[in-house]
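The following account leads the reader through one protein chain, element by element. Please keep the sequence and the three-dimensional view at hand while reading.

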Amino acid sequence: MIALCDVDDTRAKQSRDAHPKATYYKDFRTMLEKEEKNIDAVSVSTPDHMHAVQAMMAMKMGKHVYVQKPMAHDIYEARMLTEAADKYKVVTQMGNQGSSGDGVRQMIEWYEAGVIGEATKVYSWTNRPVWPQGIEWPKTSVTPPADLDWDLWLGTAPQKEYVGNLVPFNWRGWWDYGTGALGDMACHIMEPPFRVLGLGYPKSAECSVGSVYVGEFSRGYFPESCPPSSHITLRFDRPGKSDLEFHWMDGGIQPTRPEELEANEIMGDGGNGVIIEGTKGKMMCSTYGANPKLLPTKRTSEVSVPQTQYRVPLGDRGHYNNWVEACIGGYGSEEFKKLSSPFSVAGPLTETVLMGNLAIRSYDYRVKREGADNQFDYPGRGIKLLWDGADMKITNFEPANQFVKRTYRGDYKL
């Protein structure tokens, strides 16, 4: 461990104590410039809004990168990182450790063996958010802690005064920094069906969003904050097959229990899970693709199919090792080919996850009603957004495209 970088001295203390010989920096740009000859690879574990600029700078310098989920804050960023991985010939991995687990591999083997037939629908859900969302931005600013460089923490985000209850965790619920429940958990939970079914870019997205009422018949409008709950429906084209309907639910919303699941059996892991429905059966798993089961669950022990998928040593606990071995082997090596979540895979998955957020933010887009005081229309509600994945563009509602790519503050750039 050559160098450590954090804008928050308190958060960095544990790592600094564990690696006393590593040089400590506040600004990632300074670290990369000064340590360029000493660094082989970089791990990015910062808030979502900084993932892309940090990873891209390292990749341009020929450094391998491991980036926590979601890979990026915006769809455009995810696409640029995906393309850069091949351009700069670096080894990449997203931090969705379940992709290294045995569970998703077992599900692939069941599906390829035709155990559930052709997939028709997917349901995925989470109990997140477990932080404040659907709230108003604090009206009162406070002095930043002495051990936090607030300007560096803001990074690419718009200039704002420091407020309490934001750092180090609750930034997840604010669009300027986080990506809500989807960004936190969908890269873990949507990954198994995305990989099992070999999905690409969705062709459409629609959503419904939980409401917060601040008075009688008075719905709160808090566009800076992610909603308390949402239900996203994505549709995927599949050549030669019928479209696939893919549901995401958060904030505690869950699908109806399958009839094949007995009354006292837990659906998913209780708070999170996935169900893939097929023409001949169904299968289910928990967070990270763990505990895969066929439905009815007794089929799990009754059905045996050949093992065709590579198993990562230590499973999900070997996810970092999976990347490190590929870094040592180098771009294009046999170890590289065994990566669980390289950007070539993680990029399209992240874009799909962020399509849900694009739908949510379009839902909250409003315009003032002509000739009326304090009355607004919400033209993004009640419609289906049609997505041109190749061009990263919504084709039937232009205001939605402002959420594909952010404008960075200051001199930050990809």
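S204 has L386, a residue of strand β17, as its bridge partner. The model is a predicted one, and this pairing belongs to the contact between β7 (residues 204–209) and β17, two antiparallel strands joined by two bridges. Strand β17 comprises residues 385–388 and has two unlike faces: L385 and W387 make up the covered face, whereas L386 and D388 make up the uncovered one.

On its other pairing, β17 is joined to β18, again in the antiparallel sense and by two bridges. Here D388 is matched with K393 of β18. The two strands form a hairpin with four residues between them, and M392, in the turn, has a positive phi of about 50°.

These strands are part of a wider arrangement. An open sheet of nine strands with mixed pairing runs in the order β14-β13-β12-β6-β11-β10-β7-β17-β18. Strands β14 (293–295) and β18 (393–394) stand at the edges; each has a single partner strand, so one side of each is left without a neighbour in the sheet. Helix α7, residues 180–189, packs on the sheet and touches β6, β10 (230–236), β11 (244–250) and β12. The direction of α7 makes about 130° with that of β11.

Two of the strands touched by α7 also pair with each other: β6 (residues 119–125) and β12 (residues 273–278) are antiparallel and share six bridges. Within this pair, A119 stands opposite G278 of β12.

Attention now turns to the N-terminal part of the chain. For residues 2–95, an unreviewed UniProt entry gives the feature "domain: Gfo/Idh/MocA-like oxidoreductase N-terminal". This span is 43% helix and 18% strand, and its end C-alpha atoms lie 21 Å apart. Helix α1 (residues 9–18) is hardly covered, with one buried residue among its 10 residues. The N-terminal end of α1 is capped by D8, which places a side-chain oxygen 3.0 Å from the backbone nitrogen of T10.

A last position to consider is D316, in the loop between α9 (299–302) and α10 (319–329). Is D316 buried, partly exposed or exposed? Its relative accessible area is 34%, so D316 is partly exposed. Leaving aside residues up to four places away in sequence, D316 touches Q97, G98, S100 and G101. From A146, by contrast, D316 is 170 residues away in sequence and 37 Å away in space, C-alpha to C-alpha.

Technical notes. Residues are numbered from 1 along each chain as its sequence is written. This is a predicted model: local features need pLDDT of at least 70, side-chain atom pairs count only at pLDDT 80 or more; totals for chains, interfaces and linings use all residues. Side-chain values use heavy atoms; hydrogens and water are left out. UniProt positions are given in the numbering used here, feature names are shortened, and annotations may be inferred rather than shown by experiment. Buried means under 20% relative accessible area, exposed over 50%, partly exposed in between (1.4 Å probe, protein chains only). A polar contact is a pair of N or O atoms within 3.5 Å; within protein, one must be able to donate a hydrogen and the other to accept it, and residues adjacent in sequence count only if both atoms are side-chain atoms. Contact means heavy atoms within 4.5 Å. Two strands pair if DSSP finds at least two bridges between them. Axes are lines fitted to C-alpha atoms, for helices over the stretch in contact, and angles run from 0 to 180 degrees between N-to-C directions.
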